[in-house]
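The following report describes the fold of one protein chain, moving from a single residue to the helices, the strands and the backbone details. Please read it alongside the sequence and the model.

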Amino acid sequence: MFLKSICKAIKILFNIAKIRRLRRLGGAMYHVPLETDDEEFMETKEAHFLVEEFIILANHTIGTYLFSKFKNCVPLRIQLPPKPECIQQWLKSNEYIADLILKLQEVSPLPAIESERKFSMFGKVSFKQFIIKIFALLCGYLGVMKFTLACLGLEEWYEYQERAEYKCSGDIQSKNHGSHFSLGMFPYIHFTSPIRRYVDIISHRLLHCALDDRKPCYSPKEVSEMCHYINEVTRRAKNHQNNCRALTLAYRFKTKPTVVHGFVKTISETEITVVIPGYRNLPKESCTLQLNSLGCGKKTI
């Protein structure tokens, strides 16, 4: 009986998370990576999405509360919008594929310039774009070619994104400078993992002060200095993690060769760079093939 009640509660939470995910992402919620270097993710993606939605909800809710109490000393998690000139170039290069990328559905590429513009597979498009989409559907273009262009376009989109970082709320000039672009939220903080992130402990301590109706335990200057230090440590830790992942994958592929989806991005006289959608965290050098290492110049006997 107890087990049934737990299962019922989890199903209710899952339905709530699904509704919230649809509201937050729109059509992009249906994007699922074709492959990933996390072997367990594909088997537990529903559980992952459930937990993720409530983590985001908690971080945003607590962030909103703390910002209302201590406007100048909250450690925000921010991500600035990409540079307009980069997105303009991206839109020009991916004019006929941008609206077909499932991961970017409902995203406003230039919120400060074109607030009405959102990527949508069947949203408002020009007559020319509409005809191209219909033709693509009829001739099967949305198969291999669409997938290839979408992967390359999405990778380029990621390259234009600004790095997320921590910043004291007292240092931001406006809401646009303190928002998280990818999540589309303000204010957003990290609160749910105090065991593994020190910035979450800062948020917890500030929450205790707010609930006890006390002054903040940190000054804006202290929060600003801690955010700067944590950003540096986080960057180094992320680089180390990616390098370790690359070594782990290299050993795995050496002992058990695996076929993955890869697409040629650039070709020069000396090398070929490829995009591997399921292994985005690999160092760039791991996605670069030196032509002289392929033996292309060797004469066959």
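Which residues does Ser203 touch, not counting residues up to four places away in sequence? In this predicted model, the residues in contact with Ser203 are Leu66, Pro75, Ile189, His190 and Phe191. Ser203 has its place in helix α7, which spans residues 198-211, and its relative accessibility is 0%, so Ser203 counts as buried.

## The chain as a whole

The protein chain contains eight helices and five strands, and from the N terminus on these elements follow the order α-α-β-α-α-α-β-α-α-α-β-β-β. The chain has 301 residues, of which 34% count as buried. When contacts between residues at least 6 apart in sequence are considered, 67% of them join residues that are at least 24 apart.

## Helices α1 and α2

Two packed helices are described by the angle between their axes and the distance between the axes. For helix α1 (residues 2-25) and helix α2 (residues 45-69), the axes come within 9 Å and cross at roughly 70 degrees. An angle from 65 to 115 degrees counts as roughly perpendicular, and α1 is therefore roughly perpendicular to α2. The crossing in which α1 passes α2 is left-handed.

On the α1 side, the contact is made by Ile10, Leu13, Phe14, Ile16, Ala17, Arg20, Arg21 and Arg24, while α2 contributes Glu46, Phe49, Leu50, Glu52, Glu53, Phe54, Ile56 and Leu57. Sorted by class, the contact of α1 with α2 comprises ten nonpolar residues and six charged residues, with no polar residues.

Helix α2 also holds Ile62. Why does Ile62 count as buried? The relative accessibility of Ile62 is 17%, and since buried means under 20%, Ile62 falls in that class. Leaving aside residues up to four places away in sequence, Ile62 touches Ile189, Phe191 and Leu207. Ile189 and Phe191 also appear among the residues that Ser203 touches, which links the surroundings of Ile62 with those of Ser203.

## Strands and their pairing

Strands of a sheet pair through backbone hydrogen bonds, either parallel or antiparallel. The strand pairs described here are gathered in the table, each with a pair of residues that stand opposite one another.

| Strands | Sense | Bridges | Opposite residues |
|---|---|---|---|
| β1 (residues 75-78) and β2 (residues 165-168) | antiparallel | four | Leu76 and Lys167 |
| β3 (residues 263-267) and β4 (residues 271-275) | antiparallel | four | Thr266 and Thr273 |
| β4 (residues 271-275) and β5 (residues 288-290) | antiparallel | three | Thr273 and Thr288 |

Along β2, the side chains alternate between two faces: Tyr166 and Cys168 point to one face and are buried, whereas Glu165 and Lys167 point to the other and are not buried. Lys167 is the residue of β2 that serves as bridge partner to Leu76.

Three strands form an open sheet in the order β3-β4-β5, with antiparallel pairing. Its edge strands are β3 and β5, each of which pairs on one side only, and from one strand to the next the twist averages 30 degrees. β3 and β4 form a hairpin, with three residues between the two strands. Within this sheet, Thr273 of β4 stands opposite Thr266 and has Thr288 of β5 as a bridge partner.

## Backbone details in the loops

Most residues other than glycine have a negative phi, and most peptide bonds are trans. Against that background, two places in the loops deserve a closer look.

What is the form of the peptide bond from Phe186 to Pro187? This bond is cis, with omega near -10 degrees. Pro187 lies in the loop between α6 (175-178) and α7, and although Ile62 and Pro187 are 125 residues apart in sequence, their C-alpha atoms are 9.0 Å apart in space.

The second place is Asp213, found in the loop between α7 and α8 (220-255). Its phi is near 60 degrees, a positive value in a residue other than glycine. Is Asp213 buried or exposed? With a relative accessibility of 67%, Asp213 counts as exposed, whereas Ser203, in the helix α7, counts as buried at 0%.

Methods
Residues numbered from 1 in each chain as written. Predicted model: local features only at pLDDT ≥ 70, side-chain atom pairs only at ≥ 80, totals over all residues. Heavy atoms only, no water. Pairing = 2+ DSSP bridges. Buried < 20%, exposed > 50% of the residue type's maximum accessible area, 1.4 Å probe, protein only. Contact = heavy atoms within 4.5 Å. Axes fitted to C-alpha atoms, helices over the stretch in contact; angles between N-to-C directions. Parallel < 35°, antiparallel > 145°, perpendicular 65-115°, else oblique. Left-handed = near helix turned anticlockwise from the far one by under 90°. Nonpolar A, V, L, I, M, F, W, Y, C, P; charged D, E, K, R; others polar.
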